[in-house]
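Reader: I am in my first year and still learning how to read a protein model. Could you take me slowly through a single part of this one, and then show me what lies around that part?

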Amino acid sequence: MIVSKKNSLLSLISALFLCLLFLFGASSLSAQQLSEGERAAQEAQWRIELAATEAEIAKWQAELNKTKQGTKSLQGEASKLQAKINEAKAFIKQRQVQIEKLIRDIGEKTKAIGHLVVKEGEAKDFIAVLLRATNRADAFSASEVIFSGESVSDLFENVDSYSSVSRSLGEKLTDVRDLHTRTEEERKALDQKRIQEADKKAQIETDKKKIERDEAEKQRLIAINKTTEKTYQQVITEKQKRASEIRAALFRLRDSEGIPFGDALRYATAASEKTGVRPALILAILTQESDLGKNVGSCLVSNLETGDGAGKNSGSFFEQVMKAPRDTTPFGLITARLGRDWKMTPVSCPPAAKYVVGRGFGGAMGPSQFIASTWELFKNRIGALVGTSGDQADPWNPAHAFMATALYMSDLGARAESPTAEKNAACRYYSGRACDSKSPSNAFYGAQVMAKAQNIQLNMIDPLEGF
């Protein structure tokens with residue numbers, strides 16, 4: 001009776017084990033979502049389309065270069081704009097093909113992950129049954145086996161079979177862990193594909209806005225040319241005047257005097273060359289900080305021991321304007337090195353509740369809004385990039401502040417030049433973490449920065465091209 005029950009258990013274990021082998025053997029086959037032929041045909045079609053768009057881009061880039069060197073006339077300016085429009089349209093086509101490929105990859109990876117999750121769950125269920133059956137077989141005592149009447153050869157045959165299944169069970173547990181690891185790797189790859197798709201779509205939207213702007217200007221030039229309302233030189237003079245106005249317009253800075261936009265662009269361009277962060281993004285961060293400054297105000301520290309202070313204009317008392325001694329001590333050192341009176345040097349106030357995102361204190365300095373302890377960590381790198389010593393790196397000096405912002409944004413990933421990377425870097429600049437739907441104010445900050453960057457590029461930097 002005992003022999004029969006134990007043999008039945010071993011038979012159950014063997015049968016389940018065979019099912020488990022089949023389960024793992026089949027897992028890799030069903031993950032194929034497209035046949036090799038279908039995939040190869042699709043890839044070939046995309047390669048043809050991408051090659052065509054690349055050739056089109058090259059054609060219009062060459063045309064654009066030719067129009068820049070051509071006869072100076074209203075018609076020539078219109079032709080140059082048309083070449084830019086056609087180039088942008090070709091880039092849109094290229095990105096649309098890339099998006100199609102990404103969508104396919106995303107679909108396949110989503111299905112593959114679903115398949116892996118199901119297989120992992122099924123494998124765990126089978127292993128659980130095997131373990132329960134194995135535990136039941138282990139429950140037989142030595143006396144029960146000895147007095148069962150089973151022959152020695154049968155006993156050792158069953159023992160060998162049981163031991164083999166037990167060893168294989170351990171191996172399959174390892175396989176399940178590997179399956180789980182593969183699933184997580186697929187999830188990470190899927191996240192990257194989704195980011196790439198979002199970036200391509202964002203770039204298309206930017207290209208469309210450029211096309212709208214250039215198309216409107218082209219039509220204006222064509223209309224002027226037809227009516228002979230103005231000469232080419234008059235139109236160029238108007239553009240030069242507009243460029244001068246843009247350069248002269250004050251660029252607001254937080255807790256510092258505004259500077260001409262021409263100077264701001266020069267500082268941003270210099271910082272971009274050193275850090276790889278594009279000028280429009282640097283300017284957008286500083287604009288956003290200036291706008292935020294209008295909402296949360298600026299304060300003066302009155303006590304370095306407690307960090308307490310008051311509103312610069314209102315005189316209202318603020319508790320813990322600056323975190324003591326983490327920031328008050330370096331703040332005293334920084335102002336002393338630069339010959340400033342710390343009592344008269346403005347810093348950010350503690351944020352109101354609706355602006356708090358990991359910022360329990362104020363105390364941020366100058367346009368770049370670094371807290372004193374962070375500035376001390378960056379001062380030597382900032383000084384080296386602007387051509388001075390770390391001790392002379394000045395948070396309230398616009399050129400130094402621009403470099404500090406660019407350097408920090410580069411460290412946070414903005415030099416990747418993808419819209420997602422730039423937006424996440426902006427959120428980290430504000431709150432210390434990537435954009436997160438769970439924190440609306442954090443995500444709002446990132447979205448506002450990206451909107452400002454696009455506006456600055458399209459309406460302030462691009463119009464200065466050639467002037």
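Author: Let us begin with a pair of helices, bearing in mind that the model is a predicted one. The axes of helix 9 (residues 328-337) and helix 10 come within 8 Å, and they cross at roughly 55°. Because that angle falls outside the ranges for roughly parallel, roughly antiparallel and roughly perpendicular, helix 9 and helix 10 are described as oblique to each other. The hand of the crossing, where helix 9 passes helix 10, is left-handed. On the side of helix 9 the contact is made by Pro330, Phe331, Ile334 and Arg337, while helix 10 contributes Ala372, Ser373, Trp375, Glu376 and Lys379.

Helix 10 also has a second partner, which is helix 11 (residues 398-411). Here the helices pack at an angle of about 110°, and their axes are 10 Å apart. That angle makes helix 10 roughly perpendicular to helix 11, because the range counted as roughly perpendicular runs from 65 to 115 degrees. The crossing of helix 10 and helix 11 is right-handed, whereas that of helix 9 and helix 10 is left-handed. From helix 10, the residues Trp375, Phe378, Arg381, Ile382, Leu385 and Val386 take part, and they meet Ala399, His400, Met403, Ala404, Leu407, Tyr408 and Asp411 in helix 11. If you look for Trp375 in the model, you will find that this residue of helix 10 takes part in the contact with helix 9 and also in the contact with helix 11.

Now follow the chain to the loops beside these helices. Pro325 is found in the loop between strand 5 (317-318) and helix 9, and the peptide bond that joins Ala324 to Pro325 is cis, with omega at about -5°. In the loop between strand 6 and helix 10 you will find Gln369, whose phi is near 55°, a positive value in a residue other than glycine. Gln369 counts as buried because its relative accessibility is 7%, and the cut-off for buried is under 20%. A positive phi, about 55°, also occurs at Asp255, which is not a glycine either; Asp255 has its place in the loop between strand 1 (250-251) and strand 2 (259-260).

The loop that holds Gln369, between strand 6 and helix 10, also holds one end of a disulfide. Cys349 lies in this loop and Cys299 lies in strand 3 (residues 298-301), so the pair ties together parts that are 50 residues apart in sequence. The distance from S to S in the disulfide of Cys299 and Cys349 is 2.0 Å. The torsion about their S-S bond is about 105°, so this disulfide is right-handed. Both ends are buried: Cys299 has a relative accessible area of 0%, and Cys349 has a relative accessibility of 4%.

The structure holds two disulfides, and the other one joins Cys427 to Cys435, with an S to S distance of 2.1 Å. The link of Cys427 and Cys435 is right-handed as well, with 90° about the S-S bond. Its ends differ in how they are covered, since Cys427 is buried at a relative accessible area of 0%, whereas Cys435 is partly exposed at 25%. If you number the bonded cysteines of the protein chain in sequence order, the pairing reads 1-2, 3-4.

With these parts in view, we can turn to the interior. In soluble globular proteins, nonpolar side chains tend to be buried together. The largest nonpolar core here has 54 residues, and those with the most contacts inside it are Phe251, Phe261, Leu283, Phe402 and Met409. Helix 8 (residues 279-296) supplies the largest share of this core, which is eight residues. Taking Phe261 as an example, and leaving aside its neighbours within four places in sequence, this residue is in contact with Ile246, Arg247, Ala249, Phe251, Leu283, Ile456, Met460, Ile461 and Leu464. There is also a second, separate core of seven residues, which includes Leu74, Leu221, Ile224 and Tyr232.

Finally, it helps to place the part we examined within the whole. The secondary structure of the protein chain comes to 13 helices and six strands, and buried residues make up 41% of its 467 residues. Among contacts between residues at least 6 apart in sequence, 69% join residues at least 24 apart.

Methods: Residues are numbered from 1 along each chain as its sequence is written. This is a predicted model: local features need pLDDT of at least 70, side-chain atom pairs count only at pLDDT 80 or more; totals for chains, interfaces and linings use all residues. Side-chain values use heavy atoms; hydrogens and water are left out. A nonpolar core is a set of buried Ala, Val, Leu, Ile, Met, Phe, Trp, Tyr and Cys residues joined through side-chain atoms within 4.5 Å. Buried means under 20% relative accessible area, exposed over 50%, partly exposed in between (1.4 Å probe, protein chains only). Helices (H or I, at least four residues) and strands (E, at least two) are DSSP runs, numbered from the N terminus. Contact means heavy atoms within 4.5 Å. A disulfide is a pair of cysteine sulfur atoms within 2.5 Å. Axes are lines fitted to C-alpha atoms, for helices over the stretch in contact, and angles run from 0 to 180 degrees between N-to-C directions. Angles under 35 degrees count as roughly parallel, over 145 as roughly antiparallel, 65 to 115 as roughly perpendicular and the rest as oblique. A crossing is left-handed if the near helix is turned anticlockwise from the far one by less than a right angle, and right-handed if clockwise.
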